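Please walk through the aromatic side chains of the model shown here, with attention to the rings and to the charged groups placed over them.

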Amino acid sequence: MTKNLRSNIVATVDVSTPQKRVLANQREEVRGLELDERKEKILKAIIQTYLETGEPVGSRTISKYSDLKLSSATIRNEMSDLEELGYIIQPHTSAGRIPSDKGYRFYVDQIMQEKDNEVADMQELMIQRVDRLESVLKKLAKILAKDTNYAALISGPQYHHNKLKFIQLSRVDAYKLLLVIVVEGNLIKNTMVDVQEELTDEQILNLNILLNSNLNGLTIEEINLEIIRKMKEQAGSHGQVVDLVLNEVAAAIRADDDDLQIYTSGATNIFKYPELSDNQKASQLLSTLEHTETLQELVNGVNEDPNSSENGIQVYIGEESPVQAMKDCSVVTATYELGEGVRGTIGIIGPKRMDYEKVLKTLRTLMTQLDATFKNEER
């Protein structure tokens, strides 16, 4: 398919429960309405041709390039039926048709039912060892945008309810310590702790042993008053340092819940698609991509969407998108997992005529490689 006919943008926010029910019912209607084999083939041919050309598709084009071996008259009749059923629409007075949101939905659901998609080899791009997860995610957002020719986003993983794996204090100067926090999934947070007493190397070592022996394997929520009392008692005269460290651990982890990092790339790709590139639409989409709060709502909405739990991938087409600025787009999201309770969101946004098959294949590849890479690092 021609690369210059693919796009980028991003966003989807939380949807209220009644809205989710409406969307679910609409999708069940689409799935429940059976098309005969001939109509299915014609619909797929219309969508695939439109994805490649961006132009309304006529019966003569379908008769020439599909394997149906049907006359133009027969195809015209079938296209009329498909239009009545709401799978295609006639945008102008010409004989050409383009897919409706309902048509795209049918096409996407058919693709997603195929279990044996080939996985493109992105492993060498991902398995390069990097010191920080942020570097990996930024790199992957760029890879996604370049590979799909759409806009891409990747959220950092959320740490909430995740278990502490390792804590280390190191001296920076006489009254300042570097605190390194590692949680399950080998996710690292660094912060500085100001202390009011000068600690020896031996005292810092003893504090590290105390912290790890008492906190390893616990979530922030599980660190109760009894555990804190016991640790302060064991720390003796350094109990205040234990208090400071616990406060910094809680603040560092909760900061990620309140201020989720989201990395975006390829926003300007929207200008490659005529249907998205007029001044008003492009301005709205670019503005949406720049607002962290909207993108955070997107991530939260995806996590709460019951339809995404089956395979981790969810497709929002046109009006299905909870974001007003995205109503002319398709938004494809996926959930990656780096360990128990450590999850993040990947999103790709483009025109409704995006190359769904390639996007879905790319997302499955990315999730597979992320899982394999970071789970191997844990071993």
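In this predicted model, the charged end of K102 is placed over the ring of Y87, at 4.9 Å from the ring centre. A second arrangement of this kind involves R353, whose charged end sits over the ring of Y50, 6.0 Å from its centre.

The ring of Y87 also takes part in an aromatic pair, and the structure holds 4 such pairs. Y87 and F106 meet edge-to-face, with 6.0 Å from centre to centre and an angle of 80° between the planes; the angle is over 60 degrees, and the pair therefore counts as edge-to-face rather than tilted. Because Y87 belongs to the loop between α4 (72–84) and β1 (88–89), while F106 belongs to helix α5 (residues 101–112), the pair ties together parts that lie 19 residues apart in sequence. Both Y87 and F106 are buried.

Helix α5 also contributes Y104 to a pair with Y356, which lies in helix α13 (residues 356–378), and this contact links distant parts of the chain, 252 residues apart. The rings of Y104 and Y356 are tilted with respect to each other, their centres being 5.8 Å apart and their planes 55° apart. Y104 is buried, and Y356 is buried as well.

Which residues do ring pairs link into a cluster? The cluster consists of Y104, Y107 and Y356, joined through ring pairs, so that the tilted contact between Y104 and Y356 can be read together with Y107 as one group of linked rings.

Conventions:
Residues are numbered from 1 along each chain as its sequence is written. This is a predicted model: local features need pLDDT of at least 70, side-chain atom pairs count only at pLDDT 80 or more; totals for chains, interfaces and linings use all residues. Side-chain values use heavy atoms; hydrogens and water are left out. Rings of Phe, Tyr and Trp (its six-membered ring) pair if their centres lie within 6.5 Å; planes under 30 degrees apart count as stacked, over 60 as edge-to-face and the rest as tilted. Helices (H or I, at least four residues) and strands (E, at least two) are DSSP runs, numbered from the N terminus. Buried means under 20% relative accessible area, exposed over 50%, partly exposed in between (1.4 Å probe, protein chains only). A charge sits over a ring if NZ of Lys or CZ of Arg is within 6 Å of the ring centre and within 35 degrees of the ring normal.
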